[in-house]
Amino acid sequence: MTRSFQQYSVLWILLSSLVGGIIGAGVKFFFEDLLRPFFGARRATSVTVRKYTTPLVRSAESLERRINNFVRNIGEDWYESSPYYRLSSIYTFANFLAWVRSIEEEFGFLPYESSRFGKRFNRRLYGPFKALSSFSYFGWSKDSAAVDASQLPRLMLSAMGEVALDQEGKAPLSFSSFAVAHERDAQLRRWFADLDAFLQHAAQGDPYVVDRLIAAGANLRALITFLDPGGALVPRRRISNLELVPHAEVADQLRTDFPELLPKAARSGISRSDRAGPVDQ
């Protein structure tokens, strides 16, 4: 063995150098080209989510509260009779959609769905869109025309978010700026025409639209709980209004989707904030 090694020492050196080089290149590739981008993307995703958590949670909670107030007071004619209630309802949607659109712009270059957290965040962020735009909660229905008529087009929701952003495209317009723009800008009003019609149908008691509103509220509460599990930013609550869902199949699906957020059996009644009329909202 020793004599063989001495005889072919140069060959052994070349062979060991080649093997060592391959191993070294593989290790370098693994750590620099695979692990570092992976952990870098996870870190960038985490930083971005932390950046948007507070405004996203607060806008989602504001929209959830308005939905709760809206569906619990159908028949009061607030949406048709009160210009303030109508405009502020549209704005609460616009505010949430604008924050989502801002997040989408920043997440555009991040493979955030590659991590378990990213997948969960993606599912929670787009849960309200699923409720408003898709057929997911209505697979049982034979009236496909009514289901289709009740939906808000997904791309229109994104468009609403875009036009509700300020000139820098980083944050939503303030309510006063949105109110002025909505009054003066016919094009902006056209972007929100589908949402306005949707809420009008809800105010008139359209069962499929009410289904969608309550499902959206439940998905908003799931998003809030995911981002703020301890209730540090907004009060902790459970999903609301399951007893008001027009179709039992939708309520059953919400119970299946969010068993951890179901109301406790001992908990009943409506909070003062959700009973409040349009002046307090």
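**View 1. Serine 150 is tucked away: at 2% relative accessibility it counts as buried (under 20% relative accessible area, with exposed over 50% and partly exposed in between; 1.4 Å probe, protein chains only).** This is a predicted model, where local features need pLDDT of at least 70, side-chain atom pairs count only at pLDDT 80 or more, and totals for chains, interfaces and linings use all residues. Residues are numbered from 1 along each chain as its sequence is written, and side-chain values use heavy atoms, with hydrogens and water left out. Serine 150 sits in helix H7 (residues 144-150); helices are DSSP runs of H or I, at least four residues, numbered from the N terminus.

**View 2. Here is what serine 150 holds on to: its side chain and that of arginine 212 share a polar contact of 2.8 Å.** A polar contact is a pair of N or O atoms within 3.5 Å; within protein, one must be able to donate a hydrogen and the other to accept it, and residues adjacent in sequence count only if both atoms are side-chain atoms. The serine 150 side chain also reaches the backbone oxygen of valine 147, at 2.7 Å.

**View 3. Helix H11 (residues 193-203) meets helix H12 (residues 207-227), with axes that come within 8 Å and cross at roughly 110°.** Those axes are lines fitted to C-alpha atoms over the stretch in contact, with angles running from 0 to 180 degrees between N-to-C directions. Phe198, Leu199, His201 and Ala202 of H11 touch Val209, Val210, Arg212 and Leu213 of H12, where contact means heavy atoms within 4.5 Å.

**View 4. Phenylalanine 96 has plenty to show: leaving aside neighbours within four places in sequence, its contacts include Leu56, Pro128 and Leu220.**

Methods: Helix = DSSP H or I, 4+ residues; strand = E, 2+ residues; numbered from the N terminus.
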